[in-house]
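Here are a few exercises to work through with the model open in your viewer. Try each one yourself before reading the solution.

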Amino acid sequence: MSCALLEFDQVSKVFPGVKALNGVSFEVHAGQVHGLLGENGAGKSTLLKILGGQYRPDGGRLLLAGQECRFHSAGDAIQAGIAVIHQELQYVPELTVAENVLLGRLPTRLGFVDHAAARRLVADKLAAIGVDLDPAVRLSELSIAQRQMVEICKAVMQDARVIAFDEPTSSLSHRESEILFRLVQALRAEGRALIYISHRLEELYALCDSCTIFRDGCKVATHPVMAEVPRERLIADMVGRELHDIYDYRERPAGEERLQVRGLRGAELPHELSFSVRRGEVLGFFGLVGAGRSELMRLLYGADRRSGGEVLLDGRKVSASGPAAAIEAGIVLCPEDRKEQGILAQSSVAENINISCRRHGLLGGVFLRHEREAARADGFIERLRIKTPSRDQEIRLLSGGNQQKVILARWLAEPGLKVLILDEPTRGIDVGAKNEIYRLIHDVAESGCCVIVVSSELPEVLGIADRLIVMREGRISGELQRAQANETEALRLALPDGAPSVQ
Ligand code: ADP
Ligand code: MG
């Protein structure tokens, strides 16, 4: 029988205009993984920032092994044996793996940092947790997944009793996620208490022993045995309403071919790639990370230079001169990395949504414009359930998932839209908003546009697309009509030849 190692007791946190946490209580036991679920903006990250000593609560207590803790800094939390792997990773890119892991506690010899000893220490630990990384490499040279492993290694070296993960898999590939899952399971077996935040229910069911669900800063429920809770129940608790079919697929008549992509090639895609999209069609692109889907979309959009091929829209050739020409023609790409590529951090939610319409001068004179912008912004805030105190809030103060919704709203609102390309549109987005995004996708298609959805989530592309193209190692490995598309078939096309089959 495990005992509560960590207890949140009536924890509250207020930001200007938002009650991020409202008297939240639950316990986490040693040797367990406790899942934390909730829509974007529910307060999950805020709780972990309190746990990690970054924020002080406005009310309530935090107890570790029955003792109340008061942290005044992140250092205090680490001292107490708590490690938080935040949504925005916190490391020093210029330092090496060993230096990052041992930051503040580097071994010294005769008053100097003993780099050789530091590397040995870290190399041993990395090997022990089964991570293959050179301790002498700088963090800036590593992938996001590898940087995350470094943070985990750091937590383990600090001998943290409590380790909390905030959406750790949102930027990891399947293989990288699996390494992470194994690590989490090993840490649980060692008797540590773990908190795990994710939007992916499959992952939560596979990893978590128990879970707590947040909605609007309040705790909705704690389930001591996660495996006994049906999926529908979790979703309804998070969303506050029943969601029967989140994909909301609608039958559409197949229109004539509208977009034709012929023989595209580029630096990273040396093999010619061709496909077409019909009017009103939602075309899904599935493949493993690195299959070349995003690269193909960037070529199509003119963001990367083509070395061959052409794109025709309504029979007319689209200039390959760059994204400006593509947008002019009505082709829009909402990139995978929305946060880096799209946010005007100092501007309001409304300004971020309306920017493309402003560029097109579609919103009339100054007076009219203000009113129309406000109405458009409010419309999207409602539809996508963007959690913000008002349309005038600076976007940088929104939670990560809500920032993504704002950026997505901007692209969905692009005037003159003919081809909408969405790269991982729901990554990091909660289930209620996913449903709204799927509906918007179907609306856009029904209006006669071509919609291309690139996704690594197989149930998602199977759920919303009329047709599926699968890529593997820079080539199109197959095409499946909705009626014949299923997980097994899509995975068979996506996996490299001779790969072991997936259970
Ligand atoms: P989650 O991680 O569940 O998506 P967060 O904990 O990030 O949600 O956010 C909870 C709420 O608090 C959101 O409405 C968010 O906009 C708000 N919030 C979070 N941090 C700040 C901050 N530093 N200033 C103002 N509001 C914030
Ligand atoms: Mg968060």
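**Exercise 1.** Find which side chain meets Glu-39 in a salt bridge, and place that contact in the domain layout of this predicted model.

*Solution.*
Step 1. Start from the pair itself: the partner is Arg-385, and the N to O distance is 3.1 Å. That sits within the 4 Å cut-off for a salt bridge.
Step 2. Now look up the domain bounds. Domain 1 covers 4-239 and domain 2 covers 257-494, so Glu-39 falls in domain 1 and Arg-385 in domain 2.
Step 3. Check the tally: between domain 1 and domain 2 the count is one salt bridge.
Step 4. Fill in the rest of the interface. The C-alpha centres of the two domains lie 32 Å apart, with 18 residues from domain 1 and 19 residues from domain 2 in the contact. About 1,400 Å² is buried between them, and carbon and sulfur atoms give 52% of that area.

**Exercise 2.** Work out the strand order of the four-strand open sheet, and say which strands stand at its edges.

*Solution.*
Step 1. The order reads β2-β1-β4-β5, with antiparallel pairing.
Step 2. β2 (18-29) and β5 (67-69) each have a single partner strand, so one side of each has no neighbour in the sheet.
Step 3. For the geometry, neighbouring strands are turned by 25° against each other on average, if you ignore direction.
Step 4. Zoom in on one pair. β1 (residues 4-15) is joined to β2 by eight bridges, and Lys-13 has Leu-21 in β2 as its bridge partner. The hairpin of these two strands has two residues between them, and Gly-17 takes a positive phi near 85° there.
Step 5. Add the helix: α1 (residues 44-51) lies across β1, β2 and β4 (59-64), at about 115° to β1.

**Exercise 3.** Do the same for the six-strand open sheet: what is its order, and which strands are at the edges?

*Solution.*
Step 1. Going across, you get β18-β19-β20-β15-β21-β22, and the pairing is mixed.
Step 2. The edges belong to β18 (331-334) and β22 (475-481); each has a single partner strand, so one side of each is left without a neighbour in the sheet.
Step 3. From one strand to the next, the twist averages 20°.
Step 4. For a parallel example, take β15 (residues 282-287) and β21 (residues 467-472), which pair over five bridges. Within that pair, Gly-284 is matched with Leu-468 in β21.
Step 5. Helix α14 (residues 400-412) packs on this sheet and touches β18 and β19 (419-423). The direction of α14 makes about 175° with that of β18.

**Exercise 4.** Where in the protein chain is confidence lowest, and where is it highest?

*Solution.*
Step 1. Get the overall picture: the mean pLDDT of the chain is 88, and 94% of its residues reach 70 or more.
Step 2. Then go local. Helix α11 (residues 338-342) is the low point, at a mean of 62, while strand β14 (residues 273-278) is the high point, at 98.

Technical notes:
Residues numbered from 1 in each chain as written. Chains lettered and ligands numbered in written order. Predicted model: local features only at pLDDT ≥ 70, side-chain atom pairs only at ≥ 80, totals over all residues. Heavy atoms only, no water. pLDDT = per-residue confidence, 0-100. Pairing = 2+ DSSP bridges. Axes fitted to C-alpha atoms, helices over the stretch in contact; angles between N-to-C directions. Contact = heavy atoms within 4.5 Å. Buried area = accessible area lost by both parts, 1.4 Å probe.
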